[in-house]
Amino acid sequence: QPSADKLILSVLSGILAALPFCDGRLWIFSWIGFLPLFFALQNKKGLSAFFLSYLAGVVFWSITIYWLIHVTLLGQILLILYLALYFGIFGVVVSRLLTIGCRLLTLLFFPSLWVVLEYLRAHLLTGFGWALLGYSQYLNLPIIQIADLFGVYGVSFLVVLVNLLFKEIFDGIREAPTARKLKFTLSLILPVLVLALALGYGVLRLAVMRRAQTRPAPQASIAVVQANIPQSMKWYEPAWPDIMARYKILTGAAAKEKPDLI
């Protein structure tokens, strides 16, 4: 039976991980979003570990795909319960490896496991590729440059790895100084090196792109029509004629500017 503090940590983890998907400017919370869950899973195994992780998943998906309630409430609930299973699986495996002595193995395995689960979620049963962890960093330009090499899954890997880096720091601080020196230092080398390489590559790529932007490029006039319709109106059938009329008016206004493409 998970204690109240473990449940709070699990819920907190789901909230923190979901915040960047509510507002991209909150991308920093992804880097610590799994920390509360990792602490909640400490000394937990089996059903307890699954329940704590599953709870974090339910909270995460309830916040992330809240808008589906306008389509179907039952469908939203069933989808949330299904998607949270991937959190539960992740938690069960993580809880079994958190206590082993080989920290290098866990630092490599946890992010890889998360990426595998994201890939499966995006492809199984026709797939649901929403809210992959790497998408939370779309405003973090230096970090997301590695996506041209590893895709969004490479960014997801990096985010989970940094969460583990912070956990290693907390665990290292709690350990006795004599036991900490070598183990703690070695466990930090890998994630710090990977993060430094990713940031270095991102900074380099952005510098190259800035230089390329100074060169003349073909020009085209493009108009984008976006009526900004509230979610509640999109699924309200009597409002559809008004929505189409609004798009017609906006398109007509855009056409007066004689764009090459609307």
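In this predicted model, helix 4 covers residues 73–97 and carries both Y82 and Y86, which sit 4 residues apart, or about one turn of the helix. Their ring centres are 5.5 Å apart and their planes stand at 85°, so this pair is edge-to-face. The two tyrosines fall into separate burial classes: Y82 is partly exposed, with a relative accessible area of 23%, whereas Y86, at 9%, counts as buried. The cut-off for buried is under 20%.

Helix 3 offers a pair with the same kind of spacing to look at. Here F50 and Y54 are 4 residues apart, again about one turn of the helix. A pair of aromatic rings is described by the distance of the centres and the angle of the planes. For F50 and Y54 the centres are 5.5 Å apart and the planes make an angle of 20°, which is a stacked arrangement. F50 is partly exposed because its relative accessibility is 26%, while Y54, with 17%, is buried.

These two pairs belong to a broader aromatic picture, since the structure holds 18 aromatic pairs. One aromatic cluster brings together F21, F34, F38, F60, W61, W67, F87, F90, F110, W114, F128 and W130. Keep some of those names in mind, as they return when we turn to the enclosed spaces.

There are 2 cavities of 30 Å³ or more. The largest cavity has a volume of about 50 Å³, and its lining consists of W61, L83, Y86, F87, W114, L117, E118 and R121. Two or more of these residues come from helix 4 and likewise from helix 5, which covers 103–123. Helix 5 gives the most, with 4 residues. By class, this lining has 6 nonpolar residues, 2 charged ones and no polar ones. Y86, the buried partner of the edge-to-face pair, is thus one of the residues at this cavity.

The second largest cavity has a volume of about 40 Å³. Around it you will find F21, F34, F60, W61, F87, W114, E118, R121, A131 and L133. Helix 3 and helix 5 each supply at least two residues here, and the largest share, 3 residues, comes from helix 5. The lining divides into 8 nonpolar and 2 charged residues, with no polar ones. Among the residues of the aromatic cluster are F21, F34 and F60, which also line this second cavity.

Now follow the chain back to helix 1, residues 4–22. At 1.5 Å a residue, its 19 residues should span 27 Å, and the end C-alpha atoms are 27 Å apart, so the two values agree. The buried residues of helix 1 are K6, S10, S13, G14, L16, A17, A18 and P20. What covers them includes helix 2 (35–41) and helix 3 (46–64).

Finally, let us visit an open space, the second largest pocket, with a volume of about 160 Å³. I146, L149, F150, G154, F157, L158, V194, L197, A198 and Y201 line this pocket. Helix 7 (147–174) and helix 8 (177–213) each supply at least two of those residues, and helix 7 gives the most, with 5. The lining has 9 nonpolar residues, 1 polar residue and no charged residue.

Notes:
Residues numbered from 1 in each chain as written. Predicted model: local features only at pLDDT ≥ 70, side-chain atom pairs only at ≥ 80, totals over all residues. Heavy atoms only, no water. Expected span 1.5 Å × (residues − 1). Buried < 20%, exposed > 50% of the residue type's maximum accessible area, 1.4 Å probe, protein only. Contact = heavy atoms within 4.5 Å. Phe/Tyr/Trp six-rings, centres within 6.5 Å; stacked < 30°, edge-to-face > 60°. 1 Å grid on protein atoms, 1.4 Å probe; cavity = no way out; pocket = protein on both sides within 12 Å on 5 of 7 lines; lining within 4 Å. Points joined across faces, edges and corners; volume = space filled by probe spheres on them. Nonpolar A, V, L, I, M, F, W, Y, C, P; charged D, E, K, R; others polar.
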